[in-house]
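Me: I'm new to this one and would like a close look at a single part of it. Could you take me through it slowly and then place it in the rest of the protein?

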Amino acid sequence: MTPSRWDWLDHEPPPAATAVRPALERADSASPPSTPSGFLTGAHPHARALFHLRQFDACVDFLESSDPDGLAPADRWLLGCALGRTGRTRQALAALRAAERDLPGEPELRASRLSAELALGLPAVGERDAPGALRTLSGAAFWRAAQLEFRADRCSAAALAFLAAGDCFSQEAVAGDWVESRVACYIGGAVAELCSEFPDNARSAYTRLLARVPLKGRACGELARAIHELAGDLAAADEAERLLAVAPLKQLVDRATVTVGFYVPPIPPAVAWLFPLESS
């Protein structure tokens, strides 16, 4: 089995811009967006300077050489981000959770913590009405929760969670390919509906998708349309026939993974879906 993203439709490798690490690197090289107002306010000036100069190891060393139990919440936030940028995600999560206990109202801090949980494969809870990056990462958290429901054969609950994931993704909230994000949520939800006691809902879901997402010329859109057409073909089928026809799609959703890069404000969070398929 080899990871693939929509290429079973067009037989072309995915562009580099859709991968998680290149997405982060592209955001670094581009003109940086404005820093969120609460990000690192009050952190030690020297540590903050090291961080902005991309001397992340030196930033970690400086902060950890201070009394780690006496760090201010902003310094813990900065330490967590520096640890995350050096690949020490588990240590970053511990620092971010400690900072969040004293800064519970900072959505950017919660977003970094959520990205670390998702990157480590830990249970993660999304926030449906969250702003900005936290909303994007919440979509990934809802998607994972939906997949767990789907694997447990709680298909109606999975469909609702996939819908919640889709609601978190929009052109305003997501950097990069927000269309692919929405389609990935639709695919999960539609397949879950086809496996549930309410299979007709899969057809109406496609209508809602078309009303919000431009799919023309998209390989992922072709898959979405194919699932919609299959739902129509199975409208009069009995349950056994329907589940047999949907089995390959069920495996597709079951084996899919959502990959999340560690989030450091103000760089947009990187989220990508991988669908392992039989290699030709």
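Which helices do the buried residues of H6 pack against?

Reply: Quick note before we dig in: this is a predicted model, where local features need pLDDT of at least 70 and side-chain atom pairs count only at pLDDT 80 or more, while totals for chains, interfaces and linings use all residues. Residues are numbered from 1 along each chain as its sequence is written, and side-chain values use heavy atoms, with hydrogens and water left out.

Now to your helix. The buried residues of H6 pack against helix H5 (73-85) and helix H7 (107-119); helices here are DSSP runs of H or I with at least four residues, strands are E runs of at least two, and both are numbered from the N terminus. Contact means heavy atoms within 4.5 Å.

H6 itself covers residues 89-102. Its 14 residues, at 1.5 Å each, should span 20 Å, and the end C-alpha atoms are indeed 20 Å apart, so the two agree (the expected span is 1.5 Å times one less than the number of residues).

So who is tucked away in H6? The buried residues are Thr-89, Ala-92, Leu-93, Ala-95, Leu-96, Ala-98, Ala-99 and Glu-100 (buried is under 20% relative accessible area, exposed over 50%, partly exposed in between, with a 1.4 Å probe and protein chains only). Take Thr-89, which lies in H6: its relative accessible area is 16%, so Thr-89 counts as buried. Setting aside neighbours within four places in sequence, Thr-89 touches Ala-116, Ala-119, Leu-120 and Phe-262.

Helix H12 (residues 219-233) makes a handy companion. Its 15 residues should span 21 Å at 1.5 Å a residue, and its end C-alpha atoms are 21 Å apart, which agrees. Ala-219, Cys-220, Gly-221, Leu-223, Ala-224, Ile-227 and Ala-231 are the buried ones in H12.

For another helix pairing, look at H3 and H4. In H3, His-46, Ala-47, Leu-50 and Phe-51 meet Phe-56, Ala-58, Cys-59, Phe-62 and Leu-63 of H4. By type, the residues of this contact are 8 nonpolar, 1 polar and no charged (Ala, Val, Leu, Ile, Met, Phe, Trp, Tyr, Cys and Pro are nonpolar; Asp, Glu, Lys and Arg are charged; the others, Gly among them, are polar).

Zooming out, the protein's secondary structure comes to 13 helices and 3 strands. Of its 280 residues, 48% count as buried. Among contacts between residues at least 6 apart in sequence, 63% join residues at least 24 apart.
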